[in-house]
Amino acid sequence: MSAPTTARSRAHLRATDLHLARGGRPVLVGVDLTVAAGDRLGVVGENGRGKTTLLQVLAGRLAPDRGSVRRSGSIGVADQELPIGDDRTVGDLIDVELADVRASMAAFDAATAALAEDRPGADDAYGRALAAVEALDAWDADRRVDLALAGLGAPDDRTRPLGTLSVGQRYRVRLACLLGAGHDLLLLDEPTNHLDAAGLAHLTAALRAHPGGVVLVSHDRALLADVVTTVLDLDPSADARPRTYGGGYAGYREGRRAERERWEAAFRAQEAERERLADGLAAARDRLVSGWRPDKGTGKHTRATRAPGLVRAVHRRQDELDAHAVDVPEPPLRFALPALQARPGMALLRAEEVAVDGRLAGLCSVELATGDRLVVAGPNGAGKSSLLRVLAGVLDPTSGRVRPRRDVRIGLLAQESPPPGRRRAAAVYEAAQDRAVVAGRLAAAERVPLSALGLLDRRDAARPVAELSLGQQRRLDLALLLVARPHVLLLDEPTNHLSITLVDELTAALSATPAAVVVATHDRQLLRDTAAWPRLILSPSVENEAVANWTGPQ
């Protein structure tokens, strides 16, 4: 009887030189990856870089234009969306995900019966069936699913129709099934969607303990930091090919930083050389012009003999300039927070025992001075967004009052982008600046061009807002927040839809600015990065009072 093949030994996924285009636009270009048992690969990149498409190719649902994918072992796929008929039940969905388990158990029961009846070949059949159920750990599969349902906060009534569940509940049921099914390979697309803190903790532990291979598409920096062993970055590189970084998430961040610095240095060197050649051409042309006008008293013969040499010099310089192609693409933008003025002295903003019926329970008091930092945390429905809107003056409190200092500029980054229109992004930004200047909130000398912020490149700035991705619209929101150079920054879930690189740059900038900063977030990595900041924990039913009279960043 052969030894059972475990998930740890048989899980394997290899993709070689994957290329895929959609609508004539390259989506995947030269992707190579290998995932074996025990590997946990994180796939990162801006929205639209092909992360979800890559998972579809790896799962065999989508054929690449070029390249190959080889798979060993069973594969479980968790999509961001879960389309399913309303007439099916939680138990039906569990049975679909445990189909291999059910089939292996049925085969084992049949082999056991054949062995008891001493049928020919029953020994070998029993050995194969036993190896199959042991490889899947099939006897324990339903218990694992039940544990995952409980750990993720998913409904566990198997008779309950899926149509009665919310989108989040259905997603958690599906994810629990995948975690319990014993698949050799897990392909997960943004699995932290719809999970609370307990669910995130359970998912993290389950992925770390998974004996097979994992491919994880996620913007959740905390999950990446806690889980992945390798990172595949689909964002642009100097040669337009993806990069793979070992050493987990920390190795990716360090490798990406070094790669970007090399890219920027190479681009600057080529640009500097082109500028030098252009200056040389301009100087040669100047000499040619002056050569035709020699000093007074110079003979015509001397002038004539100088001219051909000057002409040849111009042609040589032009040829050198034409031959020098800048073949290093322009590096990605870097976020640059404009200088935000300090307003020392009195408090910039004071909220005294504010509450909003049905939105913000209890009485909240907040006082902010230049350089202050505050994190507003709490469960959904506790009133974090409402508190920030009250502080910004766009929502009136039911009780209490808000007193901003005179001439203090307050900026609010809302949790979601406004409905996009057809105006160009640059025009939207310029119009906002014009309004701020006309209203006297911004001096003309304080205007900052959109290009100086490092948020949208020239092509995206010229596009209608409705044609921008969610991430690009969020970048525009951030630019509009900074239009009036606020003294107080109020940011509601600022990491939504932003790339990992931009979030890191934004976090560093917020820590250094003299402006007062208030952040409301569920982002676990942002909470870790701001661990030293004072906290205001909101609860739907408990009074809250922020620490008053802070002395500055903690």
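Here are short questions and answers on the cores and strands of this predicted model.

Trainee: Which helix gives the largest share of the largest nonpolar core?
Mentor: That core has 48 residues. Val173, Leu175 and Leu179 are among those with the most contacts inside it. The largest share, 7 residues, comes from residues 167-180, helix α7.

Trainee: Leaving aside neighbours within four places in sequence, which residues is Val173 in contact with?
Mentor: Contact here means heavy atoms within 4.5 Å. With the neighbours within four places set aside, the partners of Val173 are Val90, Leu93, Leu149, Ala154, Pro155 and Leu165.

Trainee: How many residues are in the second, separate core?
Mentor: This core includes Ala426 and Leu453. Val465 and Val503 belong to it too. Its count of residues is 38.

Trainee: Along strand β14, which side chains are buried?
Mentor: The side chains of residues 410-413 alternate. Ile410 and Leu412 point to one face and are not buried. The other face has the buried pair, Gly411 and Leu413.

Trainee: In β15, what is the bridge partner of Ile410?
Mentor: Strands β14 and β15 run parallel, joined by 4 bridges. β15 covers residues 488-492. The partner of Ile410 there is Val488.

Trainee: Which are the edge strands of the open sheet of 3 strands?
Mentor: The order is β11-β10-β13, with antiparallel pairing. β10 and β13 pair over 5 bridges. An edge strand pairs on one side only, and those strands are β11 and β13.

Trainee: At about what angle does helix α12 run to β10?
Mentor: Helix α12 covers residues 384-392. It lies across β10, β11 and β13. Its angle to β10 is about 135 degrees.

Technical notes
Residues are numbered from 1 along each chain as its sequence is written. This is a predicted model: local features need pLDDT of at least 70, side-chain atom pairs count only at pLDDT 80 or more; totals for chains, interfaces and linings use all residues. Side-chain values use heavy atoms; hydrogens and water are left out. A nonpolar core is a set of buried Ala, Val, Leu, Ile, Met, Phe, Trp, Tyr and Cys residues joined through side-chain atoms within 4.5 Å. Buried means under 20% relative accessible area, exposed over 50%, partly exposed in between (1.4 Å probe, protein chains only). Helices (H or I, at least four residues) and strands (E, at least two) are DSSP runs, numbered from the N terminus. Two strands pair if DSSP finds at least two bridges between them. Axes are lines fitted to C-alpha atoms, for helices over the stretch in contact, and angles run from 0 to 180 degrees between N-to-C directions.
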